[in-house]
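Open the model in your viewer and keep the sequence panel beside it, since this tour goes from one selection to the next.

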Amino acid sequence: MLESSPAFSGFSTDDVDAARTFYADVLGLRVSEENGMLQLHLGGGHRVLVYPKPDHRPATFTVLNFPVDDLEATVDALAARGVAFEHYAGTDERGIQRGWGPPIAWFADPAGNICSVLTPS
């Protein structure tokens, strides 16, 4: 029934302007805005809705994963743009986890939602 629907995911933010700046200017994504909500335009024609929510609470899971060819170079480039990487048990000094699943590093957007960059297996 829904197999041909162009489905998309979404998550909330407490500040649409801060989200637009972060996703467009820091991460370099194409972002559009309509009706007070953002559309993140991702590779492969995919999109994600970012919508305002007054009682927003950051997601307790990774909301957006960015596969990259060179994880270390991407982490360094994002860190140079002010992105702070999360440090969890098992991550190195740069916030990269290796040895369990694909190499991955997590960071938060301005609303506290967790995103990642990872090298696909």
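**Starting at the sheet**

Begin by selecting strand 2 and strand 3, which pair in the antiparallel sense over five bridges. Keep in mind as you look that this is a predicted model. If you now pick out E34, you will find M37 of strand 3 standing opposite.

Widen the selection to the whole open sheet, in which four strands follow the order 1-4-3-2 with mixed pairing. Its edges are strand 1 (9-13) and strand 2 (30-34), each of which pairs on one side only. Ignoring direction, neighbouring strands of this sheet are turned against each other by 25° on average.

**Across the sheet and into the core**

Next, add helix 1 (16-26), which lies across strand 1, strand 2, strand 3 and strand 4 and runs at about 155° to strand 2.

Then turn to the largest nonpolar core, which has 28 residues, and show Y23, L27, L40, L64, F66, F107 and V117, the members that touch the most other members. The elements that give two or more residues to this core include helix 1, strand 3 (37-41), strand 4 (47-52), strand 5 (62-67) and helix 2. Helix 1 provides the largest share, five residues.

**Along helix 2**

Which residues of helix 2 are buried? Select residues 71-80 and colour L71, V75 and L78, which are the buried ones. Looking down the axis of helix 2, you will see these buried residues fall within an arc of 70°, so they line one face of the helix. To see what covers them, display helix 1, strand 6 (96-97), strand 7 (104-108) and strand 8 (114-118), which are among the covering parts.

At the start of helix 2, zoom in on D70, where a side-chain oxygen reaches to within 3.4 Å of the backbone nitrogen of E72. Beyond the other end, helix 2 is followed by G82, whose phi is positive, near 95°.

**A stop in the loop**

Finally, select F85, which lies in the loop between helix 2 and strand 6. Is F85 buried or exposed? Because buried means under 20% relative accessible area, F85 counts as buried, with a relative accessibility of 11%. Leaving aside residues up to four places away in sequence, F85 touches V75, L78, A79, R94, G95, A105, W106, F107 and V117.

To end the tour, draw a C-alpha to C-alpha distance from F85 to N35: these two residues are 50 residues apart in sequence and 31 Å apart in space.

Notes: Residues numbered from 1 in each chain as written. Predicted model: local features only at pLDDT ≥ 70, side-chain atom pairs only at ≥ 80, totals over all residues. Heavy atoms only, no water. Buried < 20%, exposed > 50% of the residue type's maximum accessible area, 1.4 Å probe, protein only. Arc of directions from axis to C-beta. Contact = heavy atoms within 4.5 Å. Polar contact = N/O pair within 3.5 Å; in protein donor to acceptor, adjacent residues only side chain to side chain. Core = buried A, V, L, I, M, F, W, Y, C linked by side-chain atoms within 4.5 Å. Pairing = 2+ DSSP bridges. Axes fitted to C-alpha atoms, helices over the stretch in contact; angles between N-to-C directions.
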